Amino acid sequence: MDRNYARYSFWLATAGDDLTPRPPLDGSIEVDVAILGAGFSGLWTAYYLLRRQPSLRVALIEAEIAGYGASGRNGGWCSASFPYSVTKLARRYGREGALALVRAMRDTVDEVGRVAQAEGLEIDYIKSGTLLLARGDHQLPSLEASFRTAQDLGIADDYVWLDARQAAERIRVTNVRAAYYNPHCATIHPGKLVRGLARVVERMGATIYEQTRVTAFEPRQAGVPGSRPRLITTRGDVRAEVVVLCGEAYLSRLPGLRRQVLPVYTQIAITEPLSEDLWAEIGWARRETIASMRLGVDYLQRTADGRIAFGERGSPYRFGSRISDEADVYEPARAALERMTLEWFPMLRGVRFTHHWGGPIGMPRDRMPTIDYNRPTGIATARGYTGLGVGTSNLAGRILAALICDDDSPLRRLPIVGHRSPNWEPEPLRWIGTRYVQRTLLKRDEEMERTGVPPRRRALAERLWQRS
């Protein structure tokens, strides 16, 4: 049955692209590089591979359409933030290793804008930075600690601390006590980027097979002459010299990877375009991305056409890492998003919300992305962005291209290369633990917002969340 792909997000609906699926795979084929997934990771990998070696035969195998997953449903932050904290990176890999990754992620924000301009992609790119807010006294200690940590690591030279009055000069949100500005983020239209990248890699010679689901993969068999890795699909096998596994949360459906990433849902609501009078009340002229210090996570952007997109965590984790369309829009989260939008911006009362959508992101057990190429087996992968994949996936694509082509790029020496996260716990422990953390963080936020007082000590759920 044909899907109405425009319903999966505002970004897909307004990408200005024909969402009719490309032809599926029709029987088994052989190529040089076979990529599972036509989202950001797969497309960026194909792009940089073909920039290096234009003669490569590259095939992308997509279960739905390019951008169907998180790449077409995110909050539109092209951020230098990394899923694994810089403090932990410094402890694990040393200060210089951590700083090298920070610099690489900051370069990535510029690289996405550079490629978009070079390839003629109108993606509403503006390097607007991020405003991180303390909404209420209970969020102020966390904001101050975050700013001090950045200063201690020497990465806050271009950050700007703002008191309540200074923050209000940038954006008028209720109950803001302080904020700081981090310039290393761009606001984009992710639907235009992912759909545009798909067209670009096709022009470069890649083939995208859509509506072709991968059910398994096999590595190269050691000691077997002529053995090649392959993707096994519902429409035939794809054999290649290199198989690249992207697909993020959907990788949890594959044998061998079921416990490597946890599908965690996120959800977004977006308003109708606001009037000039409302924008005069709100401010937000620079279009910074916005977030607060809530444990439950919130993320906002002002779109190029004058809407507010407000996102937060979505439906609860489902037993067995199950992913389905029914979980995309979770009614309690939908209502909470509309309520929070009006709490932040009371002047929006009466404004209509035109789109609600959600979808799963992939969270590894240690929150550290995996970017790896095992040459003997022929299997490469990029996964586990924990909701920060718009920027990280570009860096991952450049790293994978360098590894596969055996280029001596400094990116190959970043500390994340070759990492593999531990598996998540088996069920029912995975379901019990994840639901406990989700419920507790929600209650913790509600308690702090009600009392205005931060708790004296972290709850067990917070400690588990920080370790996961």
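**Exercise 1. Find which charged end sits over the ring of W279, and name the aromatic cluster that holds W279.**

Solution. The charged end of R302 sits over the ring of W279, 3.7 Å from its centre, where a charge sits over a ring if NZ of Lys or CZ of Arg is within 6 Å of the ring centre and within 35 degrees of the ring normal. Next, W279 belongs to one aromatic cluster together with W284, F310, W344 and F345.

This is a predicted model, in which local features need pLDDT of at least 70 and side-chain atom pairs count only at pLDDT 80 or more, while totals for chains, interfaces and linings use all residues. Residues are numbered from 1 along each chain as its sequence is written, and side-chain values use heavy atoms, with hydrogens and water left out.

**Exercise 2. Describe the aromatic pair of Y5 and Y8, and decide whether Y5 is buried or exposed.**

Solution. A search of the whole structure finds 16 aromatic pairs, counting rings of Phe, Tyr and Trp (its six-membered ring) whose centres lie within 6.5 Å, with planes under 30 degrees apart called stacked, over 60 edge-to-face and the rest tilted. One of these pairs joins Y5 and Y8, at 6.1 Å centre to centre, and because the planes stand 35° apart, the pair is tilted. Y5 has 3% relative accessibility and therefore counts as buried (under 20% relative accessible area, with exposed over 50% and partly exposed in between, for a 1.4 Å probe and protein chains only). Y8, at 2%, is likewise buried.

**Exercise 3. Find the ring over whose face R170 lies.**

Solution. R170 lies over the face of Y181, at 4.5 Å from the ring centre.
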